[in-house]
Amino acid sequence: MSALNVPGIAYGGDYNPEQWPEEVWAEDVRLMREAGVNMVSVGIFSWALLEPSEGVYDFSRMDRILELLHENGIAADLATPTAAPPAWFFRKHPDALPVDKDGRGLSYGSRQTFCPSSPAYREAALRITGELARRYADHPAVVMWHIHNEYGCHNAECYCDESAAAFRRWLRARYVTLDALNDAWGTTFWSQWYYDWDEIIPPRATGAVPNPTHQLDWRRFCSDALLSLYKAERAVLREAAPQIPATTNFMVMYNFDALDYWRWAPELDVVSNDHYLRSTDPESEIDIALSGDLVRSLAGGPWLLMEHSTGAVNWQPVNRAKTAGELRRNALAHVARGADGIAYFQWRAAKAGAEQWHSAMLPHAGTDSQIWRDVVALGADLKALAEVRGSTGTAQTAIVWDWDARWAMEMPSQPSSELRYLELARSWYEPLWREGVAVDFVRPDADLSQYRLVLAPSLYLVDDEGAANLTGFAERGGTLAVGFHSGAVDANCHVRLGGYPGAFREALGVRTDELFPLLPGESHGLSGGGTASLWSERVHLAGAEAVTSYTEGPLTGIPAVTRHTHGTGTTWYLATHPDPTTLAALLDRIRGEAGVEPVRATPEGVEAALRRGPDADYLFLINHGDQSAEVEVRSDATDLLAGKPVEGGTVTVAAGDVVVVREPRG
Ligand code: GAL
């Protein structure tokens with residue numbers, strides 16, 4: 001984020017002035033200034049207007065937009081328009097249209113309807129990117145390149161023949177020989193042995209369950225295919241304008257899992273994310289915090305919220321509006337988790353097109369509206385938080401997060417189809433969030449030296465290196481807690497033999513000889529109280545002690561949660577899914593024994609998060625409850641949003657309100 005040349009916290013949204021007559025633009029920039037907007041993303045879907053026919057360009061409108069923004073002191077995050085190729089492109093290159101799993105070819109007429117492996121698409125995308133880059137490389141308004149938009153949102157997988165050929169090239173690079181591939185995929189099973197690379201196709205719809213490693217490699221390939229498009233565009237931009245940082249907006253949110261962002265993040269100069277609420281989630285603030293912590297971890301520091309909504313979206317069955325104060329709480333919650341910029345989709349609510357019922361900073365109703373008043377007030381809040389920029393997290397607890405493990409566990413033909421990676425991760429994250437415990441997310445092979453506690457709620461697949469890293473962390477004195485059905489398979493999705501949980505068996509001091517997943521709605525009592533659902537295993541102690549055991553069901557008397565000393569550290573195995581209260585109590589105990597403290601003790605319903613600056617800490621207190629709450633802070637603290645010193649070492653956070661205090665260190 002330090003790369004971004006915008007003062008303080010960036011504030012703005014997607015700006016699509018091409019959808020409006022030019023008379024409207026003057027009002028746009030006047031209102032942007034009124035709201036304190038200092039950066040907008042432009043040109044995201046403007047390919048058809050920028051290149052009316054192949055090789056013929058019209059940048060006159062974009063010239064005027066950038067000029068107007070610059071005159072008004074508003075920076076531009078200029079997009080390459082490659083997420084929406086024009087109709088003329090597809091008429092010329094129908095082969096570039098994607099094909100779905102069932103072999104159904106898709107038509108153009110929306111957006112992102114291209115095959116990621118299409119050479120014609122790549123060529124056309126790089127051509128318009130080059131034109132744009134050379135034209136605006138030195139434009140004073142342009143502070144960042146916004147490459148494409150939400151890679152893979154609609155076309156993460158294409159099953160066409162071109163994709164099949166690209167998949168084979170990817171596999172050849174990975175395995176070199178067919179023997180190695182056959183071995184990795186276990187193709188002696190069901191007569192799947194390949195004698196020729198050309199026999200290999202994407203895991204298209206087929207009669208029974210496709211080979212798991214085939215499916216997993218396909219997901220890896222699909223993520224890499226889009227990453228290669230991103231890198232190709234970035235190379236073109238760098239050549240023309242090496243001084244301008246590049247981003248692309250990630251989608252670390254509940255309904256998107258197509259890209260392995262650990263592989264993507266190092267390729268971005270600024271990591272940015274889009275986050276939308278699920279209307280049916282009664283506590284979407286937890287989702288915001290989780291995704292924010294994950295994005296900060298991907299970025300290794302501050303990041304940018306590229307899109308969220310001021311109110312309802314238009315793409316869920318019923319699109320809930322935000323309640324009073326929610327817009328402010330949401331935006332500042334992202335800042336609390338490390339965002340140095342807050343942006344929306346979009347600036348002005350559209351009157352036409354598929355997103356005409358999506359909220360915006362400037363609603364259909366105009367400025368005499370609650371959303372507009374909230375947007376202006378938020379601009380003032382963000383200005384008051386300028387000094388927070390660049391400050392980062394302080395976590396001593398890490399949650400292991402891995403896309404390979406997520407993809408592998410959610411494939412068909414598992415012991416249970418009820419397991420959802422994100423839900424499992426969130427169920428462990430949630431009690432920590434309620435307690436105000438700072439959390440980072442890490443790859444299995446990450447440097448863990450800064451942490452006291454590492455949690456792996458769900459790590460079905462883990463490679464040898466990752467497993468050794470995690471168990472080594474405990475051996476050297478850390479506390480490691482592992483969730484059920486972890487360590488089960490290796491990087492090729494092959495079962496680790498000799499008993500479960502394979503890779504972690506020894507470090508956890510347990511050995512499971514058989515899995516007993518529970519049916520939906522089924523649960524069993526636990527000694528010491530509480531119940532367990534979703535999963536159980538016949539765990540045998542091999543050094544560990546039982547913390548709790550089943551009091552009923554086929555595994556009565558068998559340990560459900562265990563604790564073990566491994567090296568100089570402690571390991572825990574949660575061989576089941578305890579109910580939320582029991583899980584919270586367990587994690588509380590694990591955390592307490594590990595010596596991890598919350599960032600601040602707060603009354604129930606008040607979220608606490610801390611950002612650490614060079615000489616001060618910034619404590620964010622967000623009251624999600626309906627009661628006013630008091631929180632103790634340092635006696636020399638300053639209330640940044642109120643702009644005054646805190647009196648008497650205590651701040652009051654009114655119901656639904658947010659308070660941010662600066663606490664000098666030392
Ligand atoms: C995002 C997308 C935006 C807009 C928004 C609506 O996925 O990047 O262009 O469509 O959703 O919520």
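This is a chat between a trainee and a mentor about a predicted protein model.

Trainee: Hi! How many helices and strands does the protein have?

Mentor: Hello! This predicted model has 17 helices and 28 strands.

Trainee: And what does the C-alpha trace span along its principal axes?

Mentor: About 75 × 75 × 40 Å. The radius of gyration is 26 Å, and a compact globule with 666 residues would have one near 26 Å, so the two agree.

Trainee: What share of the residues is buried?

Mentor: Buried residues make up 60% of the 666. As for contacts between residues at least 6 apart in sequence, 71% of them join residues at least 24 apart.

Trainee: OK, cores next. How many residues are in the largest nonpolar core?

Mentor: That core has 192 residues. Among those with the most contacts inside it are Trp-145, Tyr-261, Leu-385 and Trp-401.

Trainee: Where is there a second core, and what does it include?

Mentor: The second core is separate and has 17 residues, including Phe-167, Trp-170, Tyr-175 and Leu-181.

Trainee: Back to Leu-385. Which residues is it in contact with?

Mentor: If you leave aside neighbours within four places in sequence, its contacts include Ile-9, Leu-332, Phe-620, Leu-641 and Val-660.

Trainee: Leu-641 sounds interesting. Where is it found?

Mentor: Leu-641 is in the loop between strand 25 and strand 26.

Trainee: Does it count as buried or exposed?

Mentor: Buried: its relative accessibility is 19%, and the cut-off for buried is under 20%. With neighbours within four places set aside, Leu-641 is in contact with residues including Arg-328, Asp-381, Leu-385 and Val-658.

Trainee: What sheet does strand 26 belong to?

Mentor: An open sheet of five strands, in the order 22-23-28-25-26, with antiparallel pairing. Strand 22 and strand 26 are the edge strands, each pairing on one side only.

Trainee: How many bridges are there between strand 22 and strand 23?

Mentor: Seven, in the antiparallel sense. To find one spot on the model, look for Ala-609, which stands opposite Phe-620 in strand 23.

Trainee: Which helix lies across strand 22 and strand 23?

Mentor: Helix 11, residues 326-336, lies across those two and strand 28 as well, running at about 150° to strand 23.

Trainee: Changing topic: what's the order of the sheet with seven strands?

Mentor: The order is 11-10-12-13-20-19-18, and the sheet is open with mixed pairing. Strand 11 and strand 18 stand at the edges with a single partner strand each, so one side of each has no neighbour in the sheet. Neighbouring strands are turned by 20° against each other on average, direction ignored.

Trainee: Which way do strand 10 and strand 11 run, parallel or antiparallel?

Mentor: Parallel, joined by four bridges. Val-400 stands opposite Val-442 in strand 11. Strand 10 also pairs with strand 12 in the parallel sense, over three bridges, and there Ile-399 has Leu-455 as its bridge partner.

Trainee: What about the faces of strand 10?

Mentor: Both are covered: Thr-397 and Ile-399 are buried on one side, and Ala-398 and Val-400 are buried on the other.

Trainee: And where's the antiparallel part of that sheet?

Mentor: One place to look is strand 19 and strand 20, which run antiparallel and are joined by six bridges. Thr-562 has Tyr-573 in strand 20 as its bridge partner.

Trainee: What packs on the sheet?

Mentor: Helix 15, residues 464-475, packs on it and touches strands including strand 10, strand 12 and strand 13. Helix 17 lies across strands including strand 12, strand 18 and strand 20, and runs at about 170° to strand 20.

Trainee: One more helix, please. How far apart are the end C-alpha atoms of helix 10?

Mentor: They are 22 Å apart, which agrees with the 22 Å its 16 residues should span at 1.5 Å a residue.

Trainee: Why is helix 10 described as largely enclosed?

Mentor: Because 15 of its 16 residues are buried, the rest of the structure largely encloses it. Just after helix 10, Gly-300 takes a positive phi of about 70°.

Methods. Residues numbered from 1 in each chain as written. Predicted model: local features only at pLDDT ≥ 70, side-chain atom pairs only at ≥ 80, totals over all residues. Heavy atoms only, no water. Expected span 1.5 Å × (residues − 1). Buried < 20%, exposed > 50% of the residue type's maximum accessible area, 1.4 Å probe, protein only. Pairing = 2+ DSSP bridges. Contact = heavy atoms within 4.5 Å. Axes fitted to C-alpha atoms, helices over the stretch in contact; angles between N-to-C directions. Core = buried A, V, L, I, M, F, W, Y, C linked by side-chain atoms within 4.5 Å. Rg over C-alpha atoms; globule rule 2.2 N^0.38 Å.
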